[in-house]
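This report walks through one chain, from its overall build to single residues. Have the sequence and the model open as you read.

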Amino acid sequence: MSVPVWLYAPNLVGYFRILCSFLAFYNASDPVWFFLFYMTSFLFDAVDGYAARKLNQCSKMGAVLDMVTDRFSTAGLCTILAKLYPDEWTAFFIFIVSLDISSHYAQMNYQLLKGSDSHKKVDRSMGLLYWYYADRRVLGMVCLSAELEYVLLYLLHLYTGAPVVTLAGYDLNGVHIALLCSLPLWAL
């Protein structure tokens, strides 16, 4: 008896990720619980794809679930950041969410129309997207840097630790330094 696609192990991981994201957003005012739930969801993003390949349970539903879960998590965190930084950055976070959703939607639909089971299967003619998706290490570092930027911005709003260094007249704490270090890859 075959397992229905909605019960594939990687899809169960996807449902767990959605639950963790919901719990993170519900606990947004508590940095410890927020960080624990959000990072659990983020770290399990690597598990679903690995499980799909190892268990031979790759599916279009799983590819879409993974992409939608990623967009949901990032959009939720950017919404929280827009609330935490209302005057300076609200328009920026709205732009990031819009760009993130629209670009992934376009890429996912393009690949599905071509008959691919994943938005990550691109050919060399796709230029920068090929470089991004062809090497899982590149994809992993860029995704990690982006999520790290958003989580660090969340923590920066709550953390006013002692300065570690002064740079160009600005006192920088550990969160500032981590933000600056992950910024170049986030910008990709």
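## Helix α1

The expected span of a helix is 1.5 Å times one less than its number of residues. Keep that rule in mind for α1. The model shown here is predicted. Helix α1 covers residues 9-26, which makes 18 residues. The rule gives an expected span of 26 Å, and the end C-alpha atoms of α1 are 26 Å apart, so the two agree.

Which residues of α1 are buried? They are P10, N11, V13, G14, R17, C20, S21, A24 and F25. Viewed down the axis of α1, these buried residues fall within an arc of 165°, so they line one face of the helix. They pack against three other helices: α2 (31-43), α3 (45-54) and α4 (60-84). The face turned away from the buried side carries F22 and Y26, both exposed.

## The chain as a whole

Now step back. The chain holds 8 helices and 2 strands. Starting at the N terminus, the order of elements is α-α-α-α-α-α-α-β-β-α. The two strands therefore sit next to each other in that order, with one helix after them.

The C-alpha trace spans about 60 × 35 × 30 Å along its principal axes. How does the radius of gyration compare with that of a compact globule? For 188 residues, such a globule would have a value near 16 Å; the chain has 18 Å, which agrees.

Of the 188 residues, 39% count as buried. Consider the contacts in the chain with a separation of 6 or more: residues 24 or more positions apart account for 62% of them. The chain exposes about 11,200 Å². Carbon and sulfur atoms supply 70% of that area.

## The nonpolar cores

In soluble globular proteins, nonpolar side chains tend to be buried together. In this chain, the largest nonpolar core has 25 residues. Those with the most contacts inside it are F34, Y38, L77, L81 and Y150. Several helices build this core: α1, α2, α4, α5 (86-113), α7 (136-158) and α8 (174-186) each supply at least two residues. There is also a second, separate core of 6 residues. Among its members are V122, Y133, V138 and L139.

What does F34 touch, beyond residues up to four places away in sequence? Its partners are A24, F25, N27, A28, L77, I80 and Y154. Two of these names are already familiar: A24 and F25 are buried residues of α1.

## Helix α2

Helix α2 has 13 residues. From its first C-alpha to its last it reaches 17 Å, close to the 18 Å expected at 1.5 Å a residue.

The buried residues of α2 are F34, F37, Y38, M39, S41 and F42. F34 and Y38 were named above, as residues with the most contacts inside the largest core. The cover over the buried residues of α2 includes α1, α3, α4 and α7.

## Two residues in helices

Y15 lies in helix α1. Its relative accessibility is 30%, so Y15 counts as partly exposed. Leaving aside neighbours within four places in sequence, Y15 is in contact with W6, M61 and L65. Y15 and D66 are 51 residues apart in sequence, yet their C-alpha atoms are 9.4 Å apart in space.

G62 has its place in helix α4. Is G62 buried or exposed? Buried means under 20% relative accessible area. The value for G62 is 16%, so G62 is buried. G62 and D48 are 14 residues apart in sequence and 8.5 Å apart in space, C-alpha to C-alpha.

## Two residues in loops

N56 is found in the loop between α3 and α4. N56 has a positive phi of about 55°, although it is not a glycine. Exposed means over 50% relative accessible area. At 70%, N56 counts as exposed.

K114 is found in the loop between α5 and α6 (128-134). With a relative accessible area of 43%, K114 is partly exposed. How far is K114 from F34, C-alpha to C-alpha? The two are 80 residues apart along the chain, and their C-alpha atoms are separated by 39 Å.

Technical notes
Residues are numbered from 1 along each chain as its sequence is written. Side-chain values use heavy atoms; hydrogens and water are left out. Helices (H or I, at least four residues) and strands (E, at least two) are DSSP runs, numbered from the N terminus. Buried means under 20% relative accessible area, exposed over 50%, partly exposed in between (1.4 Å probe, protein chains only). The arc is that of the directions from the helix axis to the C-beta atoms. Contact means heavy atoms within 4.5 Å. The radius of gyration is taken over C-alpha atoms; the globule rule is 2.2 Å times the number of residues to the power 0.38. Accessible areas come from the Shrake-Rupley method with a 1.4 Å probe; for residues, only the protein chains shown count as cover. A nonpolar core is a set of buried Ala, Val, Leu, Ile, Met, Phe, Trp, Tyr and Cys residues joined through side-chain atoms within 4.5 Å.
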